[in-house]
Amino acid sequence: MEERVQISTPDHVSLEFELAGPGSRFSAYAIDFLFNVLLIVAIVLAVYASGAVLSLRQFMGAAQGNGWSASWIVALLVLVIFLINWGYYVFFEGLGKGSTPGKKRMGIRVIRQDGLPIGLREAALRNLVRAADMLPPPSYILGGVVMHFDQQGRRLGDMVAGTYVVVEKFDIAAQGVSGAAWAKRVEQGRSRQALTLPRGTISAQQLVLIEQFLARSRELSQDRRRQIAWQITEPLLTLLGEDRENLARSAERTERCERLLLQILDLARAKAPALAAATKPQQPTVLF
């Protein structure tokens, strides 16, 4: 199994993600399994308190009187437990952009193979196959064997849904208050709408690409970070009113590019009519 995976975005920029290892994934599963057990217990207690247990006993007695096998009753209970377990993962992963309480605790997340967050469709597919990955239940031996031999550490559910489980790092404290505010927006998914500027529009896809790069820029080598920052920023310079030649020759090109990208995300959230200059304080640049 490889430790990292490179994803080529629609904008032809390669981003590098750290794959989650078996240890963190199993720990996340253990936490989610505990939550599942507590959820099932809570539902059983609620059913018992509502008096539905008596109706269930009457139903079972009638079923036996009609010649129903006890195995049908067991199958029904297994189906109910499966639906609860499946619904738990689909709900949290589908609405939480690939994160469950266990995954969030372990700092990992499910993403699509194009690097974007998963939705309800991917969550439903990958967890529908979870029953096979758990064989023999609940050991996950089959899923563990498949993950071991797959280069990207995918279980069967990931292969069907086209997903990866990656380490989620938002370690950007060194970037100051703007960086911290940006990380919160990424977590809540508030920067994923197209941004219209006087000179053109920055698409939602480009904003997602900016978020992904800034989230992992500190993990990249200096050369790789410089290359990707320029690849992402260069097509946007005309929209921002920046002098391409001046920025290309700047000794602080990478830092200035990243400041521009951060301010684009600030503007995407606030939807302000103008973007502050992202240049040296002594040489302000009017963008519009």
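**Strands, rings and a helix crossing**

Strand β4 is largely enclosed by the rest of the structure, because five of its five residues are buried. The structure described here is a predicted model. A good place to begin a tour is this strand, which spans residues 163-167. On one side of β4 point T163, V165 and V167, while Y164 and V166 point the other way, and all of these residues are buried. This arrangement can be read against a simple rule: in a regular strand, side chains alternate between the two faces of the sheet.

The partner of β4 is strand β3, made up of residues 108-112. The two strands run antiparallel to each other and are joined over five bridges. Two of the pairings help to place one strand against the other: R109 has V166 as its bridge partner in β4, and R112 stands opposite T163. Strand β3 is itself largely enclosed by the rest of the structure, since four of its five residues are buried.

Attention now turns to the aromatic residues. A pair of aromatic rings is described by how far apart the centres are and by the angle of the planes. In this model there are five aromatic pairs. One of them joins F26 and Y29, whose ring centres are 6.3 Å apart and whose planes make an angle of 50°, a tilted arrangement. Both residues belong to helix α1 (residues 22-49), where they are three residues apart, about one turn of the helix. Their surroundings can be told apart by accessibility: F26 has a relative accessible area of 53% and is therefore exposed, the cut-off being over 50%. Y29, at 13%, falls under the 20% limit and so counts as buried.

Further along the chain, Y88, Y89, F91 and F92 form one aromatic cluster. Within this cluster, Y89 also meets a charged residue, as R130 lies over the face of its ring at 3.8 Å from the ring centre. A charge over a ring is found at W230 too, where the charged end of R253 sits 4.6 Å from the ring centre.

The last feature is a meeting of two helices. Packed helices are described by the angle between their axes and the distance between those axes. Helix α11 (residues 222-233) and helix α14 (residues 253-270) have axes that come within 9 Å and cross at roughly 50°. That angle makes α11 oblique to α14. The crossing of α11 past α14 is left-handed.

Methods: Residues numbered from 1 in each chain as written. Predicted model: local features only at pLDDT ≥ 70, side-chain atom pairs only at ≥ 80, totals over all residues. Heavy atoms only, no water. Phe/Tyr/Trp six-rings, centres within 6.5 Å; stacked < 30°, edge-to-face > 60°. Buried < 20%, exposed > 50% of the residue type's maximum accessible area, 1.4 Å probe, protein only. Lys NZ or Arg CZ within 6 Å of the ring centre and 35° of its normal. Pairing = 2+ DSSP bridges. Axes fitted to C-alpha atoms, helices over the stretch in contact; angles between N-to-C directions. Parallel < 35°, antiparallel > 145°, perpendicular 65-115°, else oblique. Left-handed = near helix turned anticlockwise from the far one by under 90°.
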